[in-house]
Amino acid sequence: MKRIEIRTTERDEFVDITPLVREEVRRAGAEDGLCLVYCPHTTAGLTINEHADPAVAADILAALDRLIPGDGPWTHLEGNSPAHVKASLLGASVQIPIVDGDLALGTWQGVFLCEFDGPRTRTVWLRFLA
Ligand code: ZN
């Protein structure tokens, strides 16, 4: 398992971690297999979507805000239930095929760490499966 730490800077934010994941695939010498990317947090998640136009990530964040209003009603006393709900909707892991030593992402696809209760330091685990 390889551990990556990411410092987020906003309350809600998509951080493009594609270059970091690619670099670790290269460093691991993985030729063909699967890259498991896992986020061990309850108020952050992972997703794969377009990273060519940053407006897409902004639109997803705005849509999540419309779907999950900050003023609830919520019962969780910590006050960050919207972040928990958003993290659950997006999920805690993504899996990407590795082909010929590189991530088999589509032309416009990138891997995002999705922060919903930042800023914080977040951990992402990578596992390469042959
Ligand atoms: Zn909480």
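I count helices and strands as DSSP runs, numbered from the N terminus. With that settled, I opened this predicted model and found three helices and eight strands in the protein chain. Reading along the sequence, I noted the pattern β-β-α-β-β-α-α-β-β-β-β. The radius of gyration is 15 Å, close to the 14 Å from the globule rule for 130 residues, so the chain is as compact as a globular protein of that length.

**Inside and outside**

I looked up burial next: 39% of the 130 residues count as buried. The chain exposes about 7100 Å², with carbon and sulfur atoms supplying 52% of it.

**Charges**

I found 12 positive and 19 negative side chains. Which of them pair up? I searched the whole structure for salt bridges and got 11, and I followed three pairs.

My first pair was arginine 11 and aspartate 65, at 3.7 Å from N to O. Arginine 11 sits in the loop between strand 1 and strand 2, while aspartate 65 belongs to helix 2, 54 residues apart.

Next I checked lysine 86 and aspartate 12, at 2.9 Å. Lysine 86 lies in helix 3 and aspartate 12 in the loop between strand 1 and strand 2, so this pair ties together parts 74 residues apart in sequence. Are these two buried or exposed? I found both lysine 86 and aspartate 12 buried. By contrast, arginine 11 is partly exposed at 48%, and aspartate 65 is partly exposed at 35%. A nice find: Arg11, Asp12, Asp65 and Lys86 are linked in a network of salt bridges.

Then I turned to aspartate 102 and arginine 22, at 2.7 Å. Aspartate 102 is in strand 6 and arginine 22 in helix 1, so the pair joins parts 80 residues apart in sequence.

Definitions and conventions. Residues are numbered from 1 along each chain as its sequence is written. This is a predicted model: local features need pLDDT of at least 70, side-chain atom pairs count only at pLDDT 80 or more; totals for chains, interfaces and linings use all residues. Side-chain values use heavy atoms; hydrogens and water are left out. Helices (H or I, at least four residues) and strands (E, at least two) are DSSP runs, numbered from the N terminus. The radius of gyration is taken over C-alpha atoms; the globule rule is 2.2 Å times the number of residues to the power 0.38. Buried means under 20% relative accessible area, exposed over 50%, partly exposed in between (1.4 Å probe, protein chains only). Accessible areas come from the Shrake-Rupley method with a 1.4 Å probe; for residues, only the protein chains shown count as cover. Lys and Arg count as positive and Asp and Glu as negative; His and the chain ends are not counted. The place of a charge is taken as NZ of Lys, CZ of Arg, CG of Asp or CD of Glu. A salt bridge is a side-chain nitrogen of Lys or Arg within 4 Å of a carboxyl oxygen of Asp or Glu.
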